[in-house]
Amino acid sequence: MNKANKIDEFLSKLNHPLKAEIASVVKIIREVSPGIEEDVKWGGPSFDYKEPMATLNPRITDFVAVIFHKGELLNDNTGLLEPGPKGKAYAKFRSMEEVKKQKANLQKVVKDWIKIMNS
């Protein structure tokens, strides 16, 4: 099974109040670059570009949590990311409306990660 199918299979079995929002966030990240690798790690959909980039945490049920593992490397001027412990940063989506509203900002953060990894 290829790794993209792993995420799709994971989502098909997921029981989560924001399942549609999680699927939309996955789709938004996938659209950024074919060079992004996917897997299910740390209990959720995970994305790598040269290094681990971000993981969705489905154990949190009141919002969709996207954890950027080295968020301190990102110079986020979109306001999307909240600083977290150990250099992490979090993007939080509480509704489909938020996911749609923040799509461009989420894609910008992912593109910024790719630029950093390519420099």
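From the N terminus on, the elements of the protein run α-α-β-β-β-β-β-β-α-α, which amounts to four helices and six strands, where helices (H or I, at least four residues) and strands (E, at least two) are DSSP runs numbered from the N terminus. The model is a predicted one, in which local features need pLDDT of at least 70 and side-chain atom pairs count only at pLDDT 80 or more, while totals for chains, interfaces and linings use all residues. Residues are numbered from 1 along each chain as its sequence is written, and side-chain values use heavy atoms, with hydrogens and water left out.

The radius of gyration, taken over C-alpha atoms, is 13 Å, which agrees with the value near 14 Å for a compact globule of 119 residues under the rule of 2.2 Å times the number of residues to the power 0.38. Along the principal axes, the C-alpha atoms fill a box of roughly 35 × 30 × 25 Å. Of the 119 residues, 44% count as buried, that is, under 20% relative accessible area with a 1.4 Å probe and protein chains only, whereas exposed means over 50% and partly exposed lies in between. Among contacts (heavy atoms within 4.5 Å) between residues at least 6 apart in sequence, 51% join residues at least 24 apart.

Helix H4 covers residues 103-118, and its 16 residues reach 23 Å from the first C-alpha to the last, close to the 22 Å expected at 1.5 Å a residue, a span defined as 1.5 Å times one less than the number of residues. Its buried residues are Leu-106, Gln-107, Val-109, Val-110, Asp-112, Trp-113, Ile-114 and Met-117. The partners against which the buried residues of H4 pack are helix H2 (19-30) and the strands S2 (44-49), S3 (51-56), S4 (64-68) and S6 (89-93).

Three residues that count as exposed are set out below.

| Residue | Place | Relative accessibility |
|---|---|---|
| Trp-42 | loop between S1 (37-41) and S2 | 52% |
| Lys-86 | loop between S5 (82-83) and S6 | 80% |
| Lys-100 | helix H3 (96-101) | 63% |

Trp-42 has a positive phi of about 55° although it is not a glycine, and Lys-86, likewise a residue other than glycine, has a positive phi near 55°. Lys-100 lies 28 residues from Glu-72 in sequence, and the two are 25 Å apart in space, C-alpha to C-alpha.
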